[in-house]
Amino acid sequence: MRDTWWDKVERLLIGLLGLAAMIVGLVQVVGRYVAPRYAISWAEEVIVYLVVWGIMLAASQLVRTDGHVRPDLVLRAVSPRVQRWMEVANCLVALAFCAGLAWYGWSIVETSWMLDERSSSDVQFPMWLYSAAVPTGAALMSGRYVIRLYRYLFAFDPATMTVGHIPAHELSGGASSAAPE
């Protein structure tokens, strides 16, 4: 599984959001203890916004790397052929969930935009921008699930697409190269 531009952009954005949250947190803590009158009052709020956006982007990466929580024990107990169809069903359910999440998330963004809802801190952050993380993450996950569904329906390889198989992208990260038994 090679990294595509989509993977690189997502990981870069996740890293930048995490770095920004860490810098804001560091400035807040240092300001609070070293020079209290220069401490920023809105740091916790901004950190939450940055982390939520990072999490919603990371959810797409979890779909790509098969990192979401699921009943592996059940999947390991069945044949690769049954695993395939269980994964197809999982993708269809996940797509339905993501569609609902995107629709409801978008309705929250739209309402927040129409009401010009803002945070109560000094920043007066537009809440529609914060809420937009939900439909954005759902749309990205949907794209990943469509790719995953396509692979299970039309390009299934039981040697590399079953539970317990260690994908190549995880082997290069320093994990053991021994195949699971």
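This passage describes selected helices, loops and surface features of a predicted model.

Helix 6 spans residues 133-154 and has 22 residues. From its first C-alpha to its last, helix 6 reaches 31 Å. This is close to the 32 Å expected at 1.5 Å a residue. Many positions along helix 6 are buried. Towards the start of the numbering these include A133, P135, G137 and A138. L140, M141, S142, R144 and Y145 are buried too. R148, L149 and Y152 complete the list. An α-helix has 3.6 residues a turn, so residues three or four places apart point the same way. The cover over the buried residues of helix 6 includes helix 1 (5-34) and helix 2 (43-64). Helix 4 (80-114) and helix 5 (127-131) are also among the covering elements.

One residue of helix 2 shows how these elements meet. S60 is found in helix 2. S60 is buried because its relative accessible area is 0%, and the cut-off for buried is under 20%. Leaving aside neighbours within four places in sequence, S60 is in contact with W6, E10, L140, M141 and R144. Of these, L140, M141 and R144 are among the buried residues of helix 6. With E10 there is also a polar contact, made between the two side chains at 2.7 Å.

The surface offers a contrast. A nonpolar patch of about 920 Å² is made by W5, V9, L12, L13, L16, L19, M22, I23 and V27. M22, one of these residues, is found in helix 1. M22 counts as exposed because its relative accessible area is 58%, and exposed means over 50%.

Two loop residues stand out by their backbone angles. Most residues other than glycine have a negative phi. D66 is not a glycine, yet its phi is positive, at about 60°. D66 lies in the loop between helix 2 and helix 3 (72-76). With a relative accessible area of 33%, D66 is partly exposed. Q124 also has a positive phi, near 55°, and is a residue other than glycine. Q124 is found in the loop between helix 4 and helix 5. Its relative accessibility is 38%, so Q124 counts as partly exposed.

Key
Residues numbered from 1 in each chain as written. Predicted model: local features only at pLDDT ≥ 70, side-chain atom pairs only at ≥ 80, totals over all residues. Heavy atoms only, no water. Helix = DSSP H or I, 4+ residues; strand = E, 2+ residues; numbered from the N terminus. Expected span 1.5 Å × (residues − 1). Buried < 20%, exposed > 50% of the residue type's maximum accessible area, 1.4 Å probe, protein only. Contact = heavy atoms within 4.5 Å. Patch = residues over 30% accessible without salt bridge, like charges linked within 9 Å, V, L, I, M, F, W, Y side chains within 5 Å. Areas by Shrake-Rupley, 256 points an atom, 1.4 Å probe, with all protein chains shown as cover. Salt bridge = Lys/Arg side-chain N within 4 Å of Asp/Glu carboxyl O. Polar contact = N/O pair within 3.5 Å; in protein donor to acceptor, adjacent residues only side chain to side chain.
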